[in-house]
Amino acid sequence: MTQNMQGALIGCGFFAQNHMNAWGALDGAEIVAVCDLDLAKAKAMAARFGIARVYDSPEELFRNETLDFVDVVTTVDSHLPLVKLASSHAKTVICQKPFAETMADAQAMVDAAKDAGAHLIVHENFRWQKPFLDMKALIEEGVIGPPHFAHFSFRHGYDNYVNQPYLAEIERFAIMDVGLHLFDVARHFMGEAASLSCSTQSLNPAVRGEDAFTALMKMETGATCICDCSFYSKFSPEPFPNTAAVIEGSEGTLHLDRYNQLTVHSTSGAVTRNADAEVPDWGAKPWHCVQDSVMNFQRHAIDVMNGRAEPHPSGEDNLKTMTLALAAYDAAEQAKTVDIASCV
Ligand code: NAD
């Protein structure tokens, strides 16, 4: 029997609970140490998941542990030093999104991993969500022909600020939080963007940054793509945290509604199927589709560690997603269409 890859998780906050549950459910990797600057949080995580070794200092963690991989689940401001440190101590480094706040920081992490010969994988889980895996397979089967239009839409009124209070305080919010996911999915399905325009809105007075945006992209293929997001929309039932999508091709259209029902339109009619994920044993609605995608992503990370796959997405790939997010701010602030080639 091959030994599990040994990993450490850094950042024992809200979303890391999903990471720990998923690592625990998968074969091939295990978390052997956890770390958080807040020792009480690290201890609570260790107690909940039966982890023997607990740290409140990443430096001490790396001095004491021999690791195959590191899972960085902290908020963005700490990513650069942690990814640099992790790259020199483990062959695989996973970093949560947003990867960085600036291109310089993102590039520095990519360079550090490359210099150290480590795989750097960005935890972009939307492309690993069950409905998007189904849609990708249908497109690869040629069911709708080459896509010429896509729309990815994440709109809800769920109170995110209870679990993630920092979201109400950051200056750059909707684009850097969910926009990055949507741009990653857009690139995954539609290729690279040639130009981008964007409009932002600040709807909830209790929230500091923009809490809604609409971005329009012309893709290099000539296709049109829209990404939009709102944290202040009223739907019933509440669709959070689902993404709706439409992808049109020459032979048909895929329509994913806000409740994960997927309709395939073709010349012979329309067929609707349930594309929702199962609720993981450890999970709960309404988070199940995201929780399932965390497992899909981590299963992929184990494949990367074993040389069976290349990172999806790698840090290097994520530079292009970051470029779109930062271009969206420029486009909105200056009310202009940004030529993406001029950003690189
Ligand atoms: P959180 O604030 O609840 O947890 C972050 C933890 O990291 C805190 O406990 C903090 O003490 C710790 N920390 C910060 N700097 C550290 C350092 N240098 N060393 C060790 N520990 C440190 O945040 P969260 O809501 O769990 O979010 C974490 C990340 O996950 C964010 O980047 C967020 O955007 C991302 N996230 C992703 C998804 C997704 O679907 N992919 C969903 C939610 C959150």
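A molecule is taken to sit in a pocket if more than half of its atoms lie within 2 Å of the grid points of that pocket. By this criterion, the ligand of the present structure, which is a predicted model, sits in the largest pocket.

The surroundings of the ligand were examined next. A shell of 22 residues encloses the ligand, and the closest of these are Phe15, Asp36, Lys41, Lys97 and Tyr166. By character, the shell comprises nine nonpolar, nine polar and four charged residues. Polar contacts to the ligand involve both backbone and side-chain atoms of the protein. On the backbone side, an N or O atom of Phe14 is placed 2.9 Å from a ligand oxygen atom, and an N or O atom of Leu37 is found 3.3 Å from a ligand nitrogen atom. The side chain of Asn125 contributes an N or O atom that lies 3.0 Å from a nitrogen atom of the ligand. The ligand taken alone exposes 850 Å², of which the protein buries 87%.

Several backbone features were identified outside the description of the ligand site. Most residues other than glycine have a negative phi, and most peptide bonds are trans. Two cis peptide bonds are described here. One joins Phe240 to Pro241, with omega near 0°; Pro241 belongs to the loop that connects strand S10 (224-230) with strand S11 (244-249). Another joins Lys285 to Pro286, with omega near 5°. In this case the proline, Pro286, is located in the loop between strand S14 (269-274) and helix H8 (288-305).

Positive phi values were found at Asn260 and at Ala335. For Asn260, which is a residue other than glycine, phi is near 65°. Asn260 is situated in the loop between strand S12 (252-256) and strand S13 (261-266). Ala335 adopts a positive phi of about 45° and follows just after helix H9. Helix H9 itself spans residues 315-334 and contains 20 residues. The distance from the first C-alpha of H9 to the last is 28 Å, close to the 28 Å expected at 1.5 Å a residue. The positive phi of Ala335 thus comes just after a helix whose reach is close to the expected value.

Conventions:
Residues numbered from 1 in each chain as written. Predicted model: local features only at pLDDT ≥ 70, side-chain atom pairs only at ≥ 80, totals over all residues. Heavy atoms only, no water. Helix = DSSP H or I, 4+ residues; strand = E, 2+ residues; numbered from the N terminus. Expected span 1.5 Å × (residues − 1). Near = heavy atom within 4 Å. Polar contact = N/O pair within 3.5 Å; in protein donor to acceptor, adjacent residues only side chain to side chain. Areas by Shrake-Rupley, 256 points an atom, 1.4 Å probe, with all protein chains shown as cover. 1 Å grid on protein atoms, 1.4 Å probe; cavity = no way out; pocket = protein on both sides within 12 Å on 5 of 7 lines; lining within 4 Å. Nonpolar A, V, L, I, M, F, W, Y, C, P; charged D, E, K, R; others polar.
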